[in-house]
Amino acid sequence: MEPVDMTEMQPDKQEAVDVASWVSVCPGGLWRVQRNETHEWTQQISSNTADDASCLTNHCPKPGSLCRVKVQLKAQTDDSDGPPSTKENEKMAAIAATDLVPAPILRRQDAVLQVPLGDWTTLRLGEGQCDITEACLEGMRAGEKCEIQLAPIGTGPEASLHQYGDLPLIATVELQAFTPGKESWEMTPTERWEWVKSHKERGGGRFRSGDIWGATDSYSRALKLLIPLCGLVGEVEDTNCLEETHQLPSSDQLKIKKAELHSNLSLCQLKLNQPQRARDSAAKATQLEPGASKAWYRLGQACQKLNELDEAKEAFKKLLEIQPDLPAAVKALKEITSREKERNVQLGLRLSKMFS
């Protein structure tokens, strides 16, 4: 892939005029991000080697784009000696004209901004490795810089799991160059399937490392691509036009993969104390794959947490039909029976008080 050339520098620096706000996922939880569109351009690069029409159609990064980016805290930016020199600009332009190679980034549990601060880093957009940075890059152009303000949502351990100091955090994100990418609707079915597999694999790795928020994000990304892919493969199979999907699993196999993702997502939501979402995800998994024992178990757990004891009992009974005498299901049914007895006793006491 050839990098997209830098756009021409604007003669005057403009003040921030546009503000965007969204929620990003970090290993410690959810953070609200506010981006100020400064329209500040850091370099002047002429587009002598690229097709102008190509530049127009690829003016912002898309999933799969390799992005060369620098993230700095506001304090570091204020201490800098001003804009880059001509030699620095020429050096950066030379780098932008070569193929970009993604840098390995270790996802840290105690970091909000996952990228190394103050250094140029190349990352692939769409992987969710550096959630906040990627969300900023989706609306930027080559050579552009923006300022962001970050604050955790709610209170709890996520508010203290970062290494940057006082809240809210203020940082700048600068995009030097990027390669072309594709929106999901522009991808071939095979490309979408490769993204689904990579997101699912990444979600499993994040879950095993304790990054539950990150795993939830990865499974959600996979489902977002898989759901329309299932419909496409089904339509193609119905019309016997198999050339377009000959490298893909069958529609039944995709349905099983979709059920696995919903079940995995349900487990993450249980870990994050989101029982209602966990119940909905597990229910979708059981509808897609009635023999999915893990999904039935997670559905029962979620219903228990919601005090929906009848629904929980049915889920665990279904699990025992699939795996007879499963200790976890037998234990859960005993707990539900005990809670039902307790509930009936309390109900009887309340009724007796009403009519005494």
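Helices here are DSSP runs of H or I with at least four residues, numbered from the N terminus. The model is predicted.

**Whole chain**

Start with everything displayed. The protein chain has 11 helices and 6 strands. Of its 356 residues, 45% are buried. The chain exposes about 19,000 Å², and carbon and sulfur atoms supply 51% of that area. If contacts are restricted to residues at least 6 apart in sequence, 71% of them join residues at least 24 apart.

**Helix α11 and a surface patch**

Select residues 327-355, which make up helix α11; Leu347 is in this helix. Now show the side chains of Leu347, Leu351, Met354 and Phe355. Together they form a nonpolar patch on the surface, with about 460 Å² of accessible area. Does Leu347 count as buried, partly exposed or exposed? Leu347 counts as partly exposed because its relative accessibility is 41%, and the range for that class runs between 20% and 50%.

**The annotated repeat**

Select residues 293-326. An unreviewed UniProt entry annotates this stretch as "repeat: TPR". In the model the stretch is 79% helix and 0% strand. The C-alpha atoms at its ends are 10 Å apart.

Within the selection, go to Asn307, in the loop between α9 (293-305) and α10 (309-322). Its phi is near 65°, a positive value in a residue other than glycine. Most residues other than glycine have a negative phi. Asn307 is partly exposed, because its relative accessible area is 43%.

Next select Asp325, in the loop between α10 and α11. Here too phi is positive in a residue other than glycine, with a value near 60°. Asp325 has 66% relative accessibility and therefore counts as exposed.

**Ser266 and Ala282**

Select Ser266 in helix α7 (residues 251-271). Its relative accessibility is 0%, so Ser266 counts as buried. Which backbone oxygen lies 2.9 Å from a polar atom of the Ser266 side chain? The oxygen belongs to Ala278. With neighbours within four places in sequence set aside, Ser266 is in contact with Ala278, Ser281, Ala282 and Arg298.

Move from there to Ala282, in helix α8 (residues 275-288). Ala282 also counts as buried because its relative accessibility is 0%. Beyond its neighbours within four places in sequence, Ala282 is in contact with His262, Ser266, Ala295, Arg298 and Leu299. Add Gln269 to the display for a distance check: Ala282 and Gln269 are 13 residues apart in sequence, and their C-alpha atoms are 10.0 Å apart.

**Salt bridges**

Side chains of opposite charge can pair when their charged atoms come close. How many salt bridges does a search of the whole structure find? The search finds 17.

Select Asp131 and Arg107. They form a salt bridge in which the closest N and O atoms are 3.0 Å apart. Asp131 is in helix α4 (residues 131-137) and Arg107 is in the loop between α3 (86-96) and β4 (120-124), so the pair ties together parts that are 24 residues apart in sequence. Asp131 counts as buried because its relative accessibility is 8%. Arg107, at 14%, counts as buried as well.

Then select Glu260 and Lys200, whose side chains meet in a salt bridge with an N to O distance of 3.8 Å. Glu260 lies in helix α7 and Lys200 in helix α5 (residues 189-208), so this pair ties together parts that are 60 residues apart in sequence. Glu260 is partly exposed, with a relative accessible area of 32%. Lys200 counts as partly exposed at 22% relative accessibility.

Another pair to select is Arg279 and Asp280. Their side chains meet in a salt bridge at 3.4 Å, N to O. Asp280 has a relative accessible area of 36% and is therefore partly exposed.

To finish, add Asp211 to the display with Arg107 and Asp131. Salt bridges that share partners join Arg107, Asp131 and Asp211 into one network.

How values were computed:
Residues are numbered from 1 along each chain as its sequence is written. This is a predicted model: local features need pLDDT of at least 70, side-chain atom pairs count only at pLDDT 80 or more; totals for chains, interfaces and linings use all residues. Side-chain values use heavy atoms; hydrogens and water are left out. Patches are made of residues with over 30% relative accessible area and no salt bridge: like charges are joined within 9 Å, nonpolar side chains (Val, Leu, Ile, Met, Phe, Trp, Tyr) within 5 Å. Accessible areas come from the Shrake-Rupley method with a 1.4 Å probe; for residues, only the protein chains shown count as cover. A salt bridge is a side-chain nitrogen of Lys or Arg within 4 Å of a carboxyl oxygen of Asp or Glu. Helices (H or I, at least four residues) and strands (E, at least two) are DSSP runs, numbered from the N terminus. Buried means under 20% relative accessible area, exposed over 50%, partly exposed in between (1.4 Å probe, protein chains only). UniProt positions are given in the numbering used here, feature names are shortened, and annotations may be inferred rather than shown by experiment. Contact means heavy atoms within 4.5 Å. A polar contact is a pair of N or O atoms within 3.5 Å; within protein, one must be able to donate a hydrogen and the other to accept it, and residues adjacent in sequence count only if both atoms are side-chain atoms.
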